[in-house]
Amino acid sequence: MECVKTDDTFIKSISALSKVEFEHRCRRLHNVLDENDLSSSMGGNHKGTDPIPLLITAEEWKTLEAGVAQRARLFNALANDIYGEQRLWKNGKLPAALLFANPDFLQVVWNVHPVGGIFVNLTSTDVARLKDGSFVAISDHLQVPDGLGRALENRIGVSRAFPELFRSMQTERLAGFFKKLMDGLNAMHKNIGGEGETSKVVLLASSPDNPRRAEDAVIARYLGIPLVENDDLAIRNMQVYMKTLMGLKKIGTIFRRVEDGMCDPLELRIDSGEGAVGLISSVRAGNVAIANFLGTGVLETPMFKMFLPEICRELLGEELLLRDVETLWLGNATDAERVLAEPEKWIFKKAFRDEGNFKEVEPKAFATMTNTAQLALLQAVDSAPDQWVAERSMEVSTVYAYRGEFTPAVSLMRFFAVNTTKGTSVMPGGLGIFKFTESNATSAASVPTGCTVSEELGEKDIWVLSENPVANFSLLAPAGQAITPSRAGGDLPSRAAENLFRLGRALSSSNMMARIARGIAVRLSDESWMDMPELPWILKAGLTDESQSRLAQDPENALRYFILRKDNKNGMQCVLTEIRELGMQLRDRISEDLWLYLNGFGIAEVPAGTGAAALLPYLKEVLSDSAAVAGLAADSMTRGHEWRFLELGREIECAIRTLRLVKSLLYTAPTDEMTNLRLLQAVLEIGDGLMTYHRRYGGRLQVVPVIDLLLSDESNPRSVAYQVAKLRKAAKHLPGNDQSETTFSPLDRELMRVLAELRLANIEQLAETIENKRENLIKLVDAQINSIERIAEIVNRLYLSHAPRAGVFHATTTDVSEV
Amino acid sequence: MPIYQVDHETVYDYRLPVLYSNHLAHMLPRTVSRQNWISHSIKVDPNPTIQQERLDIFGNRVLAFSIEQEHTLFRFKTTGIVDVQEEKPPKQGETMKWEDVTKLLERPTSDETLDAAMYAYASPFAKFDESVRNYALESFEQDRPIFDAAYELMTRIYTDCKYTPGVTRIGAQPQEILRGRKGVCQDFAHLMIGCMRSLHLPCRYVSGYLRTHPCEGQPKLVGADATHAWVSTYIPGHGWVELDPTNNVLGGNEHIILAWGRDFGDVSPLKGVITGGGEHTLKVSVNVDVKE
């Protein structure tokens, strides 16, 4: 087994550590990574980061840096030719199919010029080290390069696990690279005449369910730029704006993390209506800069590889420094013959991306396929040879990774570069991707090329070792730049506000659901539950229609269905899932601790065994998560709009749920005192007022003080009046809702009305019964529920709602044959 | 050398107010050797908030505009007067063998051949499969001159398919048309394009208008004309030749060209994305009148 010498130096150094100490360091690494868990959206977690970095000597780095930088320049020059003169094609150097049979060539970008001629601002190149020590490029990512955020996180983790080694080995720092990236982005909109302060750089993130999303949040946070989604963008008068609570804010540069096809539904032939309509017009008008520029996806076409040496000579007048893995196009008859003579030595890839499929097509290594699959592949190649390229399998050198012991693995190194008008820079470090090998026979086929970390793949940090001491530099505290203290919290996009509002509501829902469920479970776990007169009322209060039919025969099963079943639309799990999803989307807006809690909200051991008592520990977990989140939010969120929308949501939902509870349990006044008392007991218990009640009134339960405590008592933090008072306080600071104005806003008027009704309510009268029904109480409660729902609707309409957008319409005569 | 006046009006009537809308129109006249636009005007109601004119990769003049005020009615009207001439078609038996055209365009060496190569591969609304290729090969026999084969293909599509409005959706693929053998001008154009491109031969989608003749003894109905679509193929040494598979004729002085692209998607006369609006009704009326 060949191993590169530099790996040994590191391993020798860590061998000096005891096994216990080493394991301790690994745990430290994983703790750091878990805190920033990048991969929870990918199903697994970040445990796949290996403690041992890949080491690159200063000398090797010279070669790699030059090679990667040249490729970055080369692809930029290529993009300029593709979307400009097309000199390479007019001269007969390249097949026409490469451009015109390629779905990634965007016709609409032709003759559109990016700022400073820079198409590819950020690039990445995957490099493998061969057994002879030479390097070869496996693939380049030139549209939305993945892994930059993960490289950053791995660096933070590994350098904290081995701080002394990190320093003593003189490892190059990454921060300088990020600064260059950021400077480049800033310079772009200044170049197009942005107005400095007012226009800004934003990161246009991939959708929340995209594996890349977590990394997007890391990058946005590290660069200190707002993360936006398509829905946050508004285009007016061919200017791009970010929709915020304070109104529209002009955007100068979009650092995009979404693919070409998702950018403008009007021009890019997607009928879904996704994307920012009119973006291309804005770009053409020179009103906004985009990095990487539109259309750069075409550069990733595998078919370009075999022409790169020639393209490099033609466009840069240089020899290609970092060679590619040997690639042949099967559309060329002689090449096809050569490949098909010994297919087992090749890896087959589609020449072009399948249209509508943004993912890379899975490469097929002939040698590792089953016989049937081999036959099918050969048939596919035969029927459309020009749709295929073949890459030579290669033996790459092995490295060590740790899994209880040092184990050989094959690896790839992903390096990143930025192109700016001031030149090209390569990040001294990168993302290592590895896979354990079981045999010596390794090939490029088994080297991971995908973007996500699957179970078999792990990641490594890459350390570039300097010959000289390395200067300390961090983006987190820019030197020589004084920061003026500010109380404003930046701009809150309306979408983020909506998510916080929804999160608040979901948190309150889950809390009340869990409390009702606990009330039921506690009673059902008593053997004499059949004799508990209050039980049917509580069941009706908590469980919804779908469970109703099961109620009569089997309340325990109905309860389980309510608590545990994921497919129950009205059940608790749906709300818990929503909380976790919203947490994911709000990652860049909330503290790490809060995010961690939301990420694991309601995820606890599913109760084993039967009997309602078995459900109690689970409900306790949910309630304690709920308390923890409330506490963390109160502790960690600044009192800006973020906090306000979360609070609004929580209070609105809490008030509504409490009102509904009161309605369900106190609507009927049973004639027998026993039932009456037990209902009062239950409503206090579930409404969380039992303690307060006992302290104030002792053990005697009476309906008037109970109603007062739950509805009107503003000193009880669970009462409806308390929620409404807090709502009004939070609403005071919302834009356009200044309560010092002489005229009241519709929102404030509604809030005041609700509060006044509660304050003025005559509780004695509410408790009166007519034929065993407390009609007055119900009238008030219903009116209150309506009012509060109206308040929610006003908040929604004023601050959150996005008008629905329709798909793309074509006005054609075929539509109107009747006319 | 007829001179036509073409009026083309598109009206969207929305049930709910539209807050803002973005549109892209391929209705500005382009310069073509056999056509001369004497005058052309556009009226948009409500007035666009902002507009941008540009040249696309196919050489069409594209108008992008947005309307950023609430509206429930959108009207787009063009009026143009154009002088149209006929071009001399190539002679049967005298054009290049089709296989040589394919070969020539594989690695273009000039602006002209590179431009032609752009139309020689599958595009979003004009893909093809084995069935389309086999259908094409019946006309594209070995060593046959490209014009002869293309003409025959046009005639076969005309004979094999029945003009039937309302049975196909926008953007039906060539293989679907071939299976159903029914459709409108757009579909027949796409089928012909798919056939030619399956052999990597260049074929453009041409969008425009056609002069119609009222049935004998009946007055011409105002607004009853329609936009039309046909194709154009590149013949080395001759240039682009227009073929109309819907009518089994070559493009002549009754075909008025608006724009061309790889398929309908590149040259949709007027498309848009609206915010708000609810359901809508669409009225398109086209009138082609002979001035002299």
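# Exercises on a predicted model

**Exercise 1. Work out the strand order and pairing sense of the open four-stranded sheet in chain A, then find its edges and the helix packed on it.**

Solution. This is a predicted model.

Step 1. The four strands of chain A are ordered β10-β13-β11-β12, and their pairing is antiparallel.

Step 2. The edges are β10 (327–329) and β12 (364–365) of chain A. Each has a single partner strand, so one side of each lacks a neighbour in the sheet.

Step 3. Look at the pair β11 (residues 346–350) and β13 (residues 388–392) of chain A. Five bridges join these two strands, in the antiparallel sense. To fix the register, start from A:Phe348: its opposite residue in β13(A) is A:Ala390.

Step 4. Add the helix. α13 (residues 371–383) of chain A packs on this sheet and touches β11, β12 and β13 of chain A. The directions of α13 and β13(A) make an angle of about 125 degrees.

**Exercise 2. Describe the hairpin formed by β2(A) and β3(A), and decide how far β3(A) is enclosed.**

Solution.

Step 1. Strand β2 (residues 122–129) of chain A runs antiparallel to β3(A), with six bridges between them.

Step 2. Set the register. A:Ser124 faces A:His141 of β3(A).

Step 3. Inspect the turn. Five residues separate the two strands of the hairpin. In the turn, A:Gly133 has a positive phi of about 90 degrees.

Step 4. Check burial, with the cut-off under 20% relative accessible area. In strand β3 (residues 135–141) of chain A, seven of the seven residues are buried, so the strand is largely enclosed by the rest of the structure.

**Exercise 3. Trace the open five-stranded sheet of chain B and place helix α6(B) against it.**

Solution.

Step 1. The order in chain B is β11-β10-β9-β8-β12, with antiparallel pairing.

Step 2. Find the edges. They are β11 (249–250) and β12 (255–261) of chain B, each paired on one side only.

Step 3. Follow β8 (residues 203–210) of chain B. Six bridges link β8 to β12(B), and the two run antiparallel. Within β12(B), B:Ile256 is the bridge partner of B:Tyr209.

Step 4. Place the helix. α6 (residues 185–198) of chain B packs on the sheet, in contact with β8, β9 (227–235) and β10 (239–244) of chain B. The direction of α6 makes about 15 degrees with that of β9(B).

**Exercise 4. Summarise the architecture and burial of chain A, and zoom in on helix α24(A).**

Solution.

Step 1. Count the elements. Chain A has 28 helices and 19 strands.

Step 2. List the domains. Domain 1 covers 5–325 + 401–464, domain 2 covers 331–393, domain 3 covers 500–637 and domain 4 covers 640–799. Between the C-alpha centres of domain 2 and domain 3 of chain A there are 52 Å.

Step 3. Weigh the contacts. Of those in chain A between residues at least 6 apart in sequence, 72% join residues at least 24 apart.

Step 4. Turn to the surface. Of the 819 residues in chain A, 56% are buried. The accessible surface is about 33500 Å², and carbon and sulfur atoms hold 50% of that.

Step 5. Zoom in on α24 (residues 703–712) of chain A. Eight of its ten residues are buried, so "mostly covered" is a fair description under the 20% cut-off. Among the buried residues are A:Val703, A:Ile707 and A:Ser712.

**Exercise 5. State how many disulfides there are over all chains, and classify A:Cys263 and A:Cys654 as buried or exposed.**

Solution.

Step 1. With sulfur atoms required to lie within 2.5 Å, the count over all chains is zero disulfides.

Step 2. A:Cys263 has a relative accessible area of 3%, so it is buried.

Step 3. A:Cys654 is at 11% relative accessibility, so it also counts as buried.

Terms used: Residues numbered from 1 in each chain as written. Chains lettered and ligands numbered in written order. Predicted model: local features only at pLDDT ≥ 70, side-chain atom pairs only at ≥ 80, totals over all residues. Heavy atoms only, no water. Pairing = 2+ DSSP bridges. Contact = heavy atoms within 4.5 Å. Axes fitted to C-alpha atoms, helices over the stretch in contact; angles between N-to-C directions. Domains from an automatic or database assignment. Buried < 20%, exposed > 50% of the residue type's maximum accessible area, 1.4 Å probe, protein only. Areas by Shrake-Rupley, 256 points an atom, 1.4 Å probe, with all protein chains shown as cover.
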